[in-house]
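Biologist: I am new to this structure and should like to understand the reasons behind the terms applied to it. May I ask you to set each value against its definition?

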Amino acid sequence: MSVATTSPISFALCIPKRSYCFSNNSLAHHPFSYSNLLPRIINDPLVTTPVPPVIGHPRSSFRRPPRAFDLPASGDPSAERLVVLVIGGGGREHALCFALGRSPSCQLVFCAPGNAGISSSGDATCLPDLDVADNAAVISFCRDKGVGLVVVGPEAPLISGLVNDLVAAGVPAFGPSSEAAALEGSKDFMKSFCYKYHIPTAKYRTFTDAPSAIEYIKEQGVPIVIKADGLAAGKGVIVAMTLDEAYEAVDSMLVKGDFGSAGGKVIVEEYLEGEEASFFALVDGENAIALESAQDHKRVGDGDTGPNTGGMGAYSPAPILTQELQSTVMSTIIVPTIRAMAEEGCKYVGVLYAGLMIEKKSGLPKLIEYNVRFGDPECQVLMFRLESDLAQVLLAACKGELSKVSLNWSPGSAMVVVMASKGYPGDYEKGSVIRNLEEADNMSSDVKVFHAGTAFNAEGNFIAVGGRVLGVTAKGRDLEEARERAYAAVELIDWPGGFNRNDIGWRALLQK
């Protein structure tokens, strides 16, 4: 039986209501442009019947039907039953579908495009043929199916303006506008924003030509951090421990163009020594509620070695984020950001994900980066622990009513171990067969396998089609038990083409 913990600290900000989008001000005229990311609006007719998940695949008969949702005994029978559309098809979106599916107020969950694991688990009805880059098609689907809430998972649709168009069409959408999403879409934008509003972050310089960047690196010395300005699927950050590594990073971004337009501008940033942590807050434009703490593992290898990835595992709660530190993060980083966005004429609505460094020398948090969506894989442990009605919580954020909300969490800890294709984060093969997933998923009610990059082959077997493929997640009375269950489930999965770290949670366990 779940037990509700004390609700997180919330801050109601006394700021005037402003328009959702930027007005003519300094941030609106920031040189970062989204024009190249905006999807072309296509007016082709949309098939109005939902596409059954994994239709035509041999395993489609194993798909559980969407669950029937019952209102809680104390609920109002006349209360609104929501149809929810989740945009995305990764592990984060699977976790969101799972949590929404458990929401008493949620009648049905669609996921576009979704993936094989989401559809086979019955956590949502997947829509592989709905073009999520076609905002008009998404709006048409929402109107046809009576969708009462759209939850946008990945950053790309947020940056391309999907929420802008949904809100303009009268469809409630959880996520920031394209203008507000610049906090993630451009690291140069984010850094200049932090400097303008005195939000603690590492010192930096921005460059568009390699010789100037290399000269600055020589002056600063190593270690030093090189970042591509734009979105690079979690691979655009290089922590250079030698000058040669730093020069190579600059060369790959500004000379070779390995990151495309995302690397046309680079940020050379001070190296901060300390421990990283992830901090999440739900924001409705004026109010912010902190979620439970979490910590991920970015490096690909055990002992935090090797190149950075999108994340190889995570756990919640994170002991490094004490209640005192969480209050400091809210008061010095989250709240000033929300106020500043409103001051610039653009309310921030959605989840604000602060990547933090808890500095070794000061013990205080500094902002490494902002993300404008749930982290992946942190979302998996957070959604597995959440006991509140997620649909109503996110809808309250859309309506500016988070001040009325408190969040309940299961006790203990949760851990997710990411299983990735061999070769990741570099080149990797697709199509390797994964077996025994059902055995792992069914080993305990405290274990859940979230799918990030799976599909079905012609024989009906799960195959890997991505870099990070599975998020094996478990709960326990403490971190040790959660870890034991997660790795026990990993051991059940038969996937010669995959690998995982074997030390997720090592920092927290070492401290304990």
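Biologist: What makes the contact between lysine 347 and glutamate 286 a salt bridge?

Modeller: In this predicted model, the side chains of lysine 347 and glutamate 286 come to 3.4 Å, N to O. The cut-off is 4 Å between a side-chain nitrogen of Lys or Arg and a carboxyl oxygen of Asp or Glu, so the pair qualifies. Side chains of opposite charge can pair when their charged atoms come close.

Biologist: Which parts of the chain does this pair link?

Modeller: Lysine 347 lies in the loop between H10 and strand E17 (349-359), while glutamate 286 lies in the loop between strand E11 (274-284) and strand E12 (287-290). The two residues are 61 residues apart, and the pair links distant parts of the chain. Both lysine 347 and glutamate 286 are buried.

Biologist: Why is glutamate 481 called buried, and arginine 485 partly exposed?

Modeller: Glutamate 481 has 13% relative accessibility, which is under 20%, and therefore counts as buried. Arginine 485 has 24%, which falls between 20% and 50%, so arginine 485 counts as partly exposed. Their side chains meet in a salt bridge of 3.6 Å, N to O. Both residues lie in helix H14 (residues 479-492), four residues apart, about one turn of the helix.

Biologist: How do you know that aspartate 144 and lysine 145 form a salt bridge, and are they buried or partly exposed?

Modeller: The closest N and O atoms of aspartate 144 and lysine 145 are 3.4 Å apart, within the 4 Å limit. The relative accessible area of aspartate 144 is 40% and that of lysine 145 is 24%. Both values lie between 20% and 50%, so each residue is partly exposed.

Biologist: How many salt bridges does the rule give, and which residues are linked in a network?

Modeller: The count comes to 22 salt bridges. Asp304, Arg501, Asp503 and Arg507 are linked in a network of them.

Biologist: How do you know that the span of helix H10 agrees with its number of residues?

Modeller: Helix H10 covers residues 323-343, which is 21 residues. At 1.5 Å a residue, counted for one less than the number of residues, the expected span is 30 Å. The end C-alpha atoms are 28 Å apart, which agrees. H10 also bends by about 40 degrees at methionine 330. Just after H10, glycine 345 takes a positive phi of about 95 degrees.

Biologist: Why is isoleucine 333 in H10 called buried, and what does it touch?

Modeller: The relative accessible area of isoleucine 333 is 0%, under the 20% limit, so this residue is buried. Leaving aside residues up to four places away in sequence, isoleucine 333 touches Ile199, Pro200, Thr328, Leu356, Pro365, Leu367 and Tyr370. Isoleucine 333 and cysteine 194 are 139 residues apart in sequence, yet 9.0 Å apart in space, C-alpha to C-alpha.

Biologist: Which residues have the most contacts inside the largest nonpolar core?

Modeller: They are Leu85, Val150, Phe279 and Ile334, in a core of 85 residues. H10 gives the most to this core, with eight residues. Apart from it lies another core, of 47 residues, among them Leu291, Phe374, Cys379 and Ala391. In soluble globular proteins, nonpolar side chains tend to be buried together.

Biologist: What makes strand E16 covered on both faces?

Modeller: In E16 (residues 313-316), Gly313 and Tyr315 on one side and Ala314 and Ser316 on the other are all buried.

Biologist: How do you know that E16 pairs with strand E13 and with strand E19?

Modeller: The requirement is at least two bridges between two strands. Two bridges join E13 (residues 295-296) to E16, in the antiparallel sense, and four join E16 to E19 (residues 413-421), also antiparallel. Tyrosine 315 stands opposite glutamine 295, and its bridge partner in E19 is methionine 415.

Biologist: Why are strands E4 and E6 called edge strands?

Modeller: An open sheet of five strands has the order E4-E3-E2-E5-E6, with parallel pairing. Strand E4 (125-126) and strand E6 (173-174) each pair on one side only. E3 (residues 106-113) and E4 are joined by two bridges, and cysteine 111 has cysteine 126 in E4 as its bridge partner.

How values were computed
Residues are numbered from 1 along each chain as its sequence is written. This is a predicted model: local features need pLDDT of at least 70, side-chain atom pairs count only at pLDDT 80 or more; totals for chains, interfaces and linings use all residues. Side-chain values use heavy atoms; hydrogens and water are left out. The bend at a residue is the angle between axes fitted to the seven residues ending there and the seven starting there. Buried means under 20% relative accessible area, exposed over 50%, partly exposed in between (1.4 Å probe, protein chains only). Contact means heavy atoms within 4.5 Å. A nonpolar core is a set of buried Ala, Val, Leu, Ile, Met, Phe, Trp, Tyr and Cys residues joined through side-chain atoms within 4.5 Å.
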